[in-house]
Amino acid sequence: MDPSPLLRFAARGEVKLALRASSRLRNHGLIGTTVFVRHIPLFSRDYCSNATSNGLLGSASKRRARGPVMAAKKASEGVKKEVGKYKHTIDLPKTSFGMRANSNIREPELQKLWDDNDVFSRVIDSNNGETFILHDGPPYANGSLHMGHALNKILKDIINRFKLLLNYKIYYVPGWDCHGLPIELKVLQSMDQDARRELTPIKLRKKASKFAKDTVKLQMKSFKRLGVWADWRNSYLTLDPEYEASQIEVFGQMIMRGHIYRGRKPVHWSPSSRTALAEAELEYPEGHISRSIYVVFKLISTSPSSDDLLKEFLPDLSLAIWTTTPWTIPANAAVALNAELQYAVTEVSSSPQETSAIPGGREIKMGNVLKDIQGKKFVIVASELVPTLESKWGVKLAIKKKFPGSALENCRYIHPVYMKECPVVIGGDYITTESGTGLVHTAPGHGQEDYATGLKYGLPIFSPVDDSGKFTKEAGPFSGLDVLGDGNTAVVKYLDEKSSILIEEPYKHKYPYDWRTKKPTIFRATEQWFASVEGFRPAVMDAINQVKWIPSQAENRISSMTSSRSDWCISRQRTWGVPIPVFYHVKTKEPLITEETINHVKGIISKKGADAWWYMSVDELLPEAYSAKSSEYQKGTDTMDVWFDSGSSWASVLGNKDGLHFPADLYLEGTDQHRGWFQSSLLTSIATKGVAPYSRVITHGFVLDEKGLKMSKSLGNVVDPDMVIEGKNSKDSPGYGADVLRLWVSSVDYTSDVLIGSQVLRQISDMYRKLRGTLRYLLSNLHDWKSEYNVPYNELPMIDKFALFQLENTINSIKDGYESYQFYKIFQIIQRFTIVDLSNFYFDVAKDRLYVGGSESYIRRSCQTVLASHLLSIVRVIAPILPHLAEDAWQHLPFQYFLNDGSVAEFVFESRWPNENKVWLMMPVEDIDLWGKILGLRTEVNKVLENARTGKLIGSSLEAKIYLHISDAATSSKLGELHASSNDADALHRIFITSQVEILPSIDSKEVESIPYTGQYVHGESTIWIGLSRADGLKCERCWNYSHKVGSFTDHPTLCSRCFEVINFQSNSAMASIG
């Protein structure tokens, strides 16, 4: 931290009087005694309230010396009147900054303070650095916030607030995804059957719009309660006309460049939603079990190349295939093989049991093919799989011939349902020997690989399944049956009756489900609109390499997903969405979509919104040049995939809103967005702009409960962010406030899945209280601080220089944590710094000189100089994570903080990040090493003190005298110099919080042998012997230190020399002020 701002402190309402520099005091021979600086406090108003050390930051040395504070406290309570004689001379901590956060009240007050003063905008306007754009991925507007939302938005806010402190201009525009099936379903579910029958598309859209907007208000309120700063007044909604128009423009650019086409091909289809789905709209739950069958297709003819190989086995030769979707058999068009694999004709012999057990208690059911093996039966399978199939089928498969898969191409077999001839074809490397038979049942209307193979051979794309997932009349005997239910059962039964099934077995595997309805999907060929990724895939892969991905493995994930991605189905058969602006010829069904028609529709939507597509006529929607032929066309009814909606946000937001730039500096979302928003944004941007929409991408994991389980209402393990903040009851479910939740976010490594629960929150809350206690300690001990009391760095005691050295290192480490987005490291650094470096050491040692060292003494002012630096630094570096706590502390500053331009920083985020102070880091290496040894030595001294306390030799540590003998001369010399220091702050007995310390030249004397408690500290080759006895002299009534000087002063016989000087100085000051 730059020391110059410290020189600009100004205590409110106090007369500024210059601090006498200790260099001047040396000229008067006063160094070595207690030195005081005279001032007249003139408070115009009372900014502080009394606060004893109770409730201040907890220390590891609770049973150490707290005499002055306790004595004053008892006196103020009327206990032991005799100890109250000097209570008015003790500088007790004072502050109105409470130990209890009272978050449910105080945090909303601070948020109102920010809003009333428009602090976010004020800080942005005053900052003059570069612009930083974190583009917000739109959450779905269909319900209350969950913990994943909280994790996401808090991470973003931490980053934005840090950038604000670094003088960046931040333009953070929050957004919401408002279209799509979930909202449409919620609207439909809220209506009865009669209302649904009367529902028109435009009425549905209006209800869906209202629902989405109401949800946005609800979620926005919750986000604000988290303390998230954003341009809430100008947030973006994907249902805004301007947004929809920009989306239409992106669609138009892609279609004009040939990246979008209409075609019939298999897509993920949800019968429960009656619409096509993208990969990002699927989930793969554990435990799905399919009904799988091994089927034989009777070979009827060979190809010229295989005639000599197979002719002898006809007509008893069949192809064996395996499928987990029996309902697709009616759509079979071919059997595919791998040209590189070895296949074999095998003779089937011996009859198995009707059923046999398989792992998991499930059964294999024998088909009619194997129930009665009479005559010769030959089947073709991959030769490598013969042993596996023998075991599974329970038969003997004798290999008669082997040959490569290529030899079977163009052989023909009889379709088991329609009795038509079908070809054997060569497929791709998707055909393996990992499962099945090595031969693949191919239905181009029901699978991606099947479709590709079908195109290669000109196979029919047959898909006899309707929108609801039922067989059509084209499926013959199965017409009207549900393919995932009774239709599947009927196909299996039919095939077995035709003696086509070898065995049937249940098969557990991952299967795609509709992420909204939680029901299984199917692959089904339909007429859809597709974005052809193939046309710009190389540019996408190159762009991925140019982006910085955090964590680094995220790059591999999105690369693998994008490199293998098939064409993107962007059309949906729903009402609530942005229309695909296409017109179809009434007779030919040919689509009409040109640059002119797209621009015309875009212009209409930009003014009237997408609803216009539903309530305006074709004549109105077509450009004037087409008006004469408008009666020949009808509007398309498909809407765009919601991932195309959100994937166009870079165009709608970054390209159209003031202050924003393209590409964004950062995208930050959950890891599931590699196949969602990250990818859809990348594809649309590359297809139209040729560059990625982001320079850097951060992904975070999912939020799980404390046991690592996914949160579920049925399990009762859902942690509600609103409940965490507001609470349910004070005992079982207390309200922790937003800052505790934010602190939790900073404590976890968000790059993987994170855990939260009651135990975790209690631990985080404890850390929060300790940090609040740190700030309270600092504030309360600076209640009388003024800028002119600042002690120059080169005149500070060594302990204070070491404290500033630690502070500056801590600030730099915290800054590194922010800049690398590793917030959990910041949490660890702050925890260690506040508890170990400050609470357990510096604060503990400082209490003596702060409370009883004399209000205007050099050692107290030097300590306050250090405390002021710590306060201003800690408050600012924690502000991005704990903005409410930081602002609360800032509003309780007992002095004003001035900026370089002379203005007052009224709010913590106006104060900027602490400037680097290289002077504080220039502490000599040997001094740093010395303090490292002192800290280690102090730990061992504390152990000896505890042993003496256990042995009833002492109570308070001030009742002890410490003896030291240092083995190596260098360490002995340095500790001796420190012990003999002219300033009291560096004295070893102050550091150990004992009354005396004596350094012994030797430990061979008889006197040493009588020392009752001993220990030692070993550091490298240096060994320090530690001894402890009762302190010499009498106990000082004021500071509770033991001294030979107690009883030497007639006017104050119960005081030590230090306290006598303090009292004498205060008396003289009082007389002078009266005079």
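Biologist: Ala, Val, Leu, Ile, Met, Phe, Trp, Tyr, Cys and Pro are nonpolar, Asp, Glu, Lys and Arg charged, and the others, Gly among them, polar. By class, what is in the lining of the second largest cavity?
Modeller: That lining has five nonpolar, five polar and five charged residues. This is a predicted model, where local features need pLDDT of at least 70, side-chain atom pairs need 80 or more, and totals for chains, interfaces and linings use all residues. Numbering runs from 1 along each chain as its sequence is written, and side-chain values use heavy atoms, without hydrogens and water.

Biologist: How many cavities are there?
Modeller: Eight of 30 Å³ or more (1 Å grid over protein atoms alone, 1.4 Å probe fits but cannot get out, lining atom within 4 Å of a point). The second largest has about 90 Å³ (space filled by probe spheres on points joined across faces, edges and corners).

Biologist: Which residues are closest to its centre?
Modeller: G180, L181, R572, R574 and V642, out of 15 lining residues. Strand 8 (275–277) and strand 30 (639–640) each give the lining at least two residues (strands are DSSP E runs of at least two).

Biologist: Switching to helix 22, is it mostly covered or exposed?
Modeller: Mostly covered: twelve of twelve residues in helix 22 (DSSP H or I, at least four residues) are buried, under 20% relative accessible area with a 1.4 Å probe, protein chains only. Among them are W677, F678, L682, L683 and I686.

Biologist: And what follows helix 22?
Modeller: G690, whose phi is positive, near 85 degrees.

Biologist: Last one, how far apart are the C-alpha centres of domain 1 and domain 3?
Modeller: They lie 86 Å apart. Domain 1 covers 287–352 + 361–511 and domain 3 covers 926–1032, with bounds from an automatic or database assignment.

Note on methods
Buried means under 20% relative accessible area, exposed over 50%, partly exposed in between (1.4 Å probe, protein chains only). On a 1 Å grid over the protein atoms alone, a cavity is a set of points where a 1.4 Å probe fits but cannot get out, and a pocket is an open set with protein on both sides within 12 Å along at least five of seven lines; lining residues have an atom within 4 Å of a point.
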